[in-house]
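Subject: Structure for your files

Dear colleague,

Here is the structure I said I would pass on. My notes on it follow below.

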Amino acid sequence: MTTLSREEVEAIALLARLHLERDEAERMQAELGAIVDYFGALAGVACDGVEPMTHAVPAAVPLRADEPEPSLAVADVLRGAPAVRDDLFVVPAIIPGGD
């Protein structure tokens, strides 16, 4: 069974924006390792000649024509925004040190 290091689990948790307690991180080491092992098993499955698909059940996916259309007015787009500055959406920073 693949064992992820504690640092790898903490890095994954950071990317997922999750806070893990010590016991949760330890449990995640085993659980995420099992997931990695499962993907390894899937990688060994022969799938030559199998057509790619988007869903396990055939389904019609109606698509509209890809025609250019006029954009919405900036004022209309920003009308529902909780915070706006210089005609831009204002969102919380997610990168450390970003303002």
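A helix axis here is a line fitted to C-alpha atoms over the stretch in contact, and an angle between two axes runs from 0 to 180 degrees between N-to-C directions. Please keep in mind throughout that this is a predicted model.

The helix pair

With that definition, helix α1 (residues 6-15) and helix α2 (residues 22-43) have axes that come within 9 Å and cross at roughly 100°. Angles of 65 to 115 degrees count as roughly perpendicular, and α1 and α2 are therefore roughly perpendicular to each other. On the α1 side, the contact is made by Arg6, Val9 and Ile12. On the α2 side, Arg22, Ala25, Glu26, Met28, Gln29 and Leu32 take part. By class, the residues of this contact of α1 with α2 divide into five nonpolar, one polar and three charged.

Helix α2 on its own

The length of α2 can be checked against its residue count. At 1.5 Å a residue, the 22 residues of α2 should span 32 Å, and the end C-alpha atoms are 32 Å apart, so the two values agree.

Which residues of α2 are buried? They are Ala25, Gln29 and Gly33, and the buried residues of α2 pack against α1. Gln29 of helix α2 has a relative accessibility of 18% and therefore counts as buried, the cut-off being under 20%. Leaving aside neighbours within four places in sequence, Gln29 is in contact with Leu4, Ser5, Arg6 and Val9. Of these residues, Arg6 and Val9 also appear in the list for the contact between α1 and α2.

Salt bridges

How many salt bridges does a search of the whole structure find? The search finds four; I describe some of them here. As background, side chains of opposite charge can pair when their charged atoms come close.

Glu10 forms a salt bridge with Arg6, and the closest N and O atoms of the pair are 3.1 Å apart. Because Glu10 and Arg6 are four residues apart in helix α1, about one helical turn separates them. Glu10 is partly exposed, with a relative accessible area of 41%. Arg6 also counts as partly exposed, at 22% relative accessibility. Arg6 is thus described twice in these notes, as a partner of Glu10 and as one of the α1 residues in the contact with α2.

In helix α2, Glu26 forms a salt bridge with Arg22, with 3.8 Å between the closest N and O atoms. Both residues lie in α2, four residues apart, which is about one turn of the helix. Glu26 is partly exposed, with a relative accessible area of 42%, whereas Arg22 counts as exposed at 59% relative accessibility. Glu26 and Arg22 are both among the α2 residues in the contact with α1.

Arg79 forms a salt bridge with Asp76, the closest N and O atoms being 2.5 Å apart. Arg79 is exposed, with a relative accessible area of 62%, and Asp76 is partly exposed, with a relative accessible area of 41%.

Val77 and helix α3

Val77 is placed in helix α3 (residues 74-78). With a relative accessible area of 36%, Val77 is partly exposed. Apart from neighbours within four places in sequence, Val77 is in contact with Leu72 and Phe89. The C-alpha atoms of Val77 and Cys47 are separated by 45 Å, and the two residues are 30 residues apart along the chain.

The loop between β1 and β2

Two backbone angles should be looked at here. Most residues other than glycine have a negative phi. Asp86 is not a glycine, yet has a positive phi of about 55°. Asp87, also a residue other than glycine, has a positive phi near 60°.

Where does Asp86 lie? Asp86 is in the loop between β1 (84-85) and β2 (88-89), and Asp87 lies in the loop between β1 and β2 as well. Are these residues buried or exposed? Asp86 is exposed, with a relative accessible area of 70%. Asp87 is exposed too, with a relative accessible area of 55%.

That is the end of my notes.

Regards

Terms used:
Residues numbered from 1 in each chain as written. Predicted model: local features only at pLDDT ≥ 70, side-chain atom pairs only at ≥ 80, totals over all residues. Heavy atoms only, no water. Helix = DSSP H or I, 4+ residues; strand = E, 2+ residues; numbered from the N terminus. Buried < 20%, exposed > 50% of the residue type's maximum accessible area, 1.4 Å probe, protein only. Parallel < 35°, antiparallel > 145°, perpendicular 65-115°, else oblique. Contact = heavy atoms within 4.5 Å. Nonpolar A, V, L, I, M, F, W, Y, C, P; charged D, E, K, R; others polar. Salt bridge = Lys/Arg side-chain N within 4 Å of Asp/Glu carboxyl O. Expected span 1.5 Å × (residues − 1).
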